[in-house]
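Hi there,

Here is the structure I promised to pass on. Have a look when you get a moment, and my notes follow below.

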Amino acid sequence: MKKYSIIILLILSLVFCFFGCGKGENTATTAETQTTAATETALEDGVYSADFKTDSSMFHVNEAYGGKGSLSVKGGQMNIHIVMPSQNVLNLFAGTAEDAQKEGASLIQPTTETVTYDDGTSEKVYAFDVPVPYLDKEFDCALIGKKGVWYDHKVSVSNPVKTVADGTYTMKVTMTGGTGRASIQSPATITVKSGKYYADIVWSSTHYEYMTVNDVKYEKTNKEGNSTMTIPIVPDKDMPVSALTTAMSQPHLIDYVLHFDSASLQAK
């Protein structure tokens, strides 16, 4: 009987060692994976332009900012500054609507900013600084409006691009669409002002009168030489635009797609 007991104890010890060791290896592998992922996604301290997306068309960044916010990184902590379309959102909360209503909840207070649109009009709106726990994944961000009701939302921050100092640069641009007869100058002259990019589009023709971007018209800026317009741009994205040409028997508005490569940006 004693002999059998010893054998049973040995078998149990082997089983425990097998499963225990396997669990330890899996835990170590998981920890290594998490560490590697954190290292790959870590951003160095600085300020970036980044996409801010939400799950609602009623909760979004002001149209003047093209869906982007200013992402600040310091000591591994990330916060994104977003400018709203109005003053209708009174507070945000980094979490759920339920937690936002608990005693002691730390609400995100707004600041007031003046936004100037491409058509020259301006208005005062609210802006918020939202803590960002990680990139490229949704996280909770609740809001309360003038009706006094908290709403749950999912938001995400992605595509961070190091902010460029105000100044004049050049950037490569490609154009597709149209008849293929016209072209534009590349690299184009780029002006960066308050984090926004503007490009001088120089056509291969004198017959272009204006361009439209997001239904806003941009007139020709020169009287002699090939047609030139200055338009707002978003680097690294396909930008649908239209341009009116008088080269045909009747004026025609022709659709194109522009793509600016931020990797080619150089100081001018």
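Which residue takes a positive phi in the hairpin of β2 and β3? It is glycine 75, with a phi near 60°, in a hairpin that has two residues between its strands. Please keep in mind that this is a predicted model.

The two strands of that hairpin, β2 (residues 68–74) and β3 (residues 77–83), run antiparallel and are joined by five bridges. Across this pairing, serine 72 stands opposite asparagine 79 in β3. Strand β3 also pairs with β6 (residues 122–132), again in the antiparallel sense, over six bridges. On that side, asparagine 79 stands opposite proline 131 in β6.

Elsewhere there is an open sheet of three strands, in the order β4-β8-β9 and with antiparallel pairing. Strands β4 (89–93) and β9 (150–151) each have a single partner strand and stand at the edges, so each has one side without a neighbour in the sheet. Two bridges link β9 to β8 (residues 142–145), and here leucine 143 stands opposite tyrosine 151 in β9.

One more spot you may like is threonine 189, which lies in strand β13 (residues 188–193). Is threonine 189 buried or exposed? Its relative accessibility is 15%, and buried means under 20%, so threonine 189 counts as buried. Its side chain makes a polar contact of 2.9 Å with the side chain of lysine 268. Beyond its neighbours within four places in sequence, threonine 189 is in contact with several residues, among them Thr168, Tyr169, Tyr198 and Asp200.

Best wishes

Methods: Residues are numbered from 1 along each chain as its sequence is written. This is a predicted model: local features need pLDDT of at least 70, side-chain atom pairs count only at pLDDT 80 or more; totals for chains, interfaces and linings use all residues. Side-chain values use heavy atoms; hydrogens and water are left out. Two strands pair if DSSP finds at least two bridges between them. Helices (H or I, at least four residues) and strands (E, at least two) are DSSP runs, numbered from the N terminus. Buried means under 20% relative accessible area, exposed over 50%, partly exposed in between (1.4 Å probe, protein chains only). A polar contact is a pair of N or O atoms within 3.5 Å; within protein, one must be able to donate a hydrogen and the other to accept it, and residues adjacent in sequence count only if both atoms are side-chain atoms. Contact means heavy atoms within 4.5 Å.
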